[in-house]
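Q: I'm new to this structure and would love a close look at a single part of it. Could you pick one pair of packed helices and walk me through how they meet?

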Amino acid sequence: MLKINPGVKNSKILKDKGRMIVNVAIKRFIYYGIAKTTMDDIAKDLALTKPSLYYYYSNKSHLVRAVFDHVFAEYLSLLQALPLNQSLEKILDDVIKIQWKLFKHYALLGYSTTFLFNAKDKILQHKFFEVKMSHIAFLTQVFQAASRSNTTTYTNIDQLVHLYFSCMQGLLWNHIVDKQTLIPTHYRQHIIVYKNARNLSSVFVKGISL
């Protein structure tokens with residue numbers, strides 16, 4: 001009979017419990033927003049005492065980071081699952097669709113922009129930076145594949161990737177200046193940004209394919 005190391009078993013229990021807390025936190029963040037959600041609220045949803053909750057996550061910032069770890073891991077996993085043997089335009093369009101799908105699913109956790117961009121949380125800022133760099137690394141793979149298949153004659157792939165990334169960022173900054181908000185705060189606004197992103201991406205690809 002196979003004996004299970006108690007330490008391994010306890011580790012799995014901790015991970016499962018931690019994952020359950022993250023899932024409950026996500027639901028509450030989506031509905032109420034991060035800023036308006038307290039650790040008391042999450043403890044009540046889980047029927048846990050606050051000391052029990054704090055055993056897994058020492059404070060709200062710790063829990064928020066765990067939530068974004070979950071979201072970012074899902075995003076990067078979906079990116080890596082995309083087949084690179086498609087056209088450049090199709091791959092980039094699929095990337096935008098993935099972003100749209102996750103935005104709808106998580107509703108960007110209740111549009112809690114004030115909390116998300118809190119300069120005090122350097123760890124969370126670093127997580128955003130890491131996922132940005134992973135996104136750029138994926139785009140580099142995609143544009144390199146396009147170059148090998150002669151989809152584009154541009155040889156400076158790094159420059160091309162940063163130009164594309166800057167164009168897509170510029171689209172969001174245009175929304176920020178126009179609407180005076182960090183992200184689309186209504187579903188209808190986000191649809192407009194989503195459609196514009198797909199159109200801009202398509203125009204960009206056609207431009208470098210001439």
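A: Here is a short tour that starts with the whole chain and then settles on one helix pair. Please keep in mind that this is a predicted model.

Let's begin with the setting. The protein has 10 helices and zero strands, and 40% of its 210 residues are buried. Among contacts between residues at least 6 apart in sequence, 69% link residues at least 24 apart.

Now for the pair, α4 and α5. Two packed helices are described by the angle between their axes and the distance between the axes. Here the axes of α4 and α5 come within 10 Å and cross at roughly 150°. Because angles over 145 degrees count as roughly antiparallel, α4 is roughly antiparallel to α5. The crossing of α4 past α5 is right-handed.

Which residues of α4 and α5 meet? From α4 come H70, V71, E74, Y75, L78 and L79, and from α5 come V95, I98, Q99, L102 and Y106. Sorted by class, this contact holds eight nonpolar, two polar and one charged residues.

Both helices also take part in something wider. The largest nonpolar core has 53 residues, and L63, L88 and L92 are among those with the most contacts inside it. α4 (60–80) and α5 (88–106) each supply at least two residues of this core, as do other helices including α1 (6–32) and α8 (122–148). For a glimpse of that core, look at L63: leaving aside residues up to four places away in sequence, L63 touches I21, V22, A25, M39, I42 and Y57.

How values were computed: Residues numbered from 1 in each chain as written. Predicted model: local features only at pLDDT ≥ 70, side-chain atom pairs only at ≥ 80, totals over all residues. Heavy atoms only, no water. Core = buried A, V, L, I, M, F, W, Y, C linked by side-chain atoms within 4.5 Å. Buried < 20%, exposed > 50% of the residue type's maximum accessible area, 1.4 Å probe, protein only. Helix = DSSP H or I, 4+ residues; strand = E, 2+ residues; numbered from the N terminus. Contact = heavy atoms within 4.5 Å. Axes fitted to C-alpha atoms, helices over the stretch in contact; angles between N-to-C directions. Parallel < 35°, antiparallel > 145°, perpendicular 65-115°, else oblique. Left-handed = near helix turned anticlockwise from the far one by under 90°. Nonpolar A, V, L, I, M, F, W, Y, C, P; charged D, E, K, R; others polar.
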